[in-house]
Structure formats: structure tokens, C-alpha cells
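Here are my notes on this model. Please keep the coordinates open while reading.

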Amino acid sequence: MIATESAGNREAASGPRPLDPSRDLGQVADLIDAAFAGDMDKEGRRVLQEMRAMGRAGSLLWLLGRTSEEFRQSLGGFVWVEGGRVVGNVSLSRLSTLSDRWQISNVATVEEYRGRGIARQLMEHALASAAAQGGAWVLLQVRADNPTALRLYHSLGFEAMGSETQMLLPRGAPLCWAGLAQAPLPPGLSLRPIRRSEWEREYVLAKRALQPL
């Protein structure tokens, strides 16, 4: 006996499944856009545009996914579907060919579906997938002011390994040397371009500045 399932029933299925680039990329791009709009820089916007363009390729992406292991690993992950709609996503990719290090990114859930454990289940699927493919390390980035995500990642066994600080220049601040030269400095200090011969002193200063207080 052969069991069949109509396309309509498949689309109505709910729950997690592997990302299918040929039909999911457009919805995943929209989900990422909605979840991280406030943090998105110009490069992030460009990546979303590329994802939407690739999503429109449809059958070509399906063919690449069938023939290229490297392509599958660069566009891997899991989505959560409700009634044919992608409402959750976790992207999973190998850092480099044959590496035992993997990266998780774009962990996002549609606002009205948050608090249901969707992100946790998608993360568990991603971690199991990386382990099954020989992964020894899984890395991710998270904002320090996102306590909900931090609690999730800590509960899954992630540990902090480092931090990165992003600095924004206020609107109207000088962007050229002439403007900086006019800015007031403390008495006894002067401002000039660094010389190439001073690279070692610059390196030592940077190391001291990065040491824990």
C-alpha cells in the first residue's frame, strides 16, 4: 500500500523542517527583516536583497541543492511552518569546507508566535544536525541587551567566549581631518596622522586598551 499526501495538506502542516531554499528564502528574508530591522546595516540589507533574489530562482536553487554539498551547507538550517507560512528560522552553516566548526545565525520567530518554544526546538534541531555532520563547535552571536535570547542559549550549553563593541558616530560629528583638527583637545595634547613607522607602538597601545580592567 502506498500512502500519499496532497500538496494542500503538506502546506498546512505545522512544525519544524529543514530549510528548503527553493521555496523558503523569500519568507525567511522577510522574517529576518522584521526581527532585526533596527540592527540592520547596509550590508545586511544587501544580503536580504540577495536572499529574495535567490528565492525567486526556485527550481535552480533546488537543482543546486541536489548537486552541491557546499551549497547545501551554506544555505542550511531549519524553519518552523504554520499553515504554509514560515514563522520561525534558524540558519546553520559550516564555517569552511570540512571544518568541524559551525555557525548559527538568524534565530528569529514571528512576534505573534513567540513564547511557544519554537526557537528552542529549532535550535535543538540545528545543534543535532551539526553534531551528526561531525561538528565539534557551534558559534553564534547575540546582543548583550537581549536577555531572552541569552537565557535560551545559556540553557542549551553555550558559553561566552568574547565580546564586540560597535560604535556609532553621532549625526553632525566631523568626518574629515579638518573638522577633527578644529575639535578642542585637553591642554598639552595634539592631534596628527599616525606614521607608518609607529605601527609597533600602535599595536602595543591597542593591546593595553583591550586588557580587562
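**Notes on the predicted model**

1. Start with methionine 123. In this predicted model, Met123 touches Val90, Ile104, Val107, Leu140, Leu152, Tyr153, Leu156 and Phe158, leaving aside residues up to four places away in sequence.

2. The wider setting is the largest nonpolar core, which has 31 residues. Met123 is among the members that touch the most others, along with Val28, Met51, Val90, Ile104 and Tyr153. Two or more residues each come from helix 2 (21-36), helix 3 (42-55), helix 6 (118-132) and helix 7 (147-155). Strand 2 (76-82), strand 3 (85-94) and strand 4 (101-109) also give two or more.

3. Which residues form an aromatic pair? Tyrosine 153 and phenylalanine 158 do, in an edge-to-face arrangement. Their centres are 6.0 Å apart, with 65° between the planes. A search of the whole structure finds one such pair. Tyr153 and Phe158 are both buried, and both are touched by Met123.

4. There is also a charge over a ring. Arginine 101 lies over the face of tryptophan 137, 4.8 Å from the ring centre.

5. Now confidence. The mean pLDDT of the chain is 81, and 79% of the residues score at least 70. Helix 6 scores highest, at 96, while helix 1 (residues 7-12) is lowest, at a mean of 44. Residues 1-12 have pLDDT below 50, and this stretch makes seven contacts in the model beyond near neighbours in sequence.

6. A further stretch needs a flag. Residues 62-68 stay under 50 in pLDDT. The model gives them six contacts beyond four places in sequence.

Key. Residues are numbered from 1 along each chain as its sequence is written. This is a predicted model: local features need pLDDT of at least 70, side-chain atom pairs count only at pLDDT 80 or more; totals for chains, interfaces and linings use all residues. Side-chain values use heavy atoms; hydrogens and water are left out. A nonpolar core is a set of buried Ala, Val, Leu, Ile, Met, Phe, Trp, Tyr and Cys residues joined through side-chain atoms within 4.5 Å. Buried means under 20% relative accessible area, exposed over 50%, partly exposed in between (1.4 Å probe, protein chains only). Helices (H or I, at least four residues) and strands (E, at least two) are DSSP runs, numbered from the N terminus. Contact means heavy atoms within 4.5 Å. pLDDT is the predictor's confidence in each residue, from 0 to 100. Rings of Phe, Tyr and Trp (its six-membered ring) pair if their centres lie within 6.5 Å; planes under 30 degrees apart count as stacked, over 60 as edge-to-face and the rest as tilted. A charge sits over a ring if NZ of Lys or CZ of Arg is within 6 Å of the ring centre and within 35 degrees of the ring normal.
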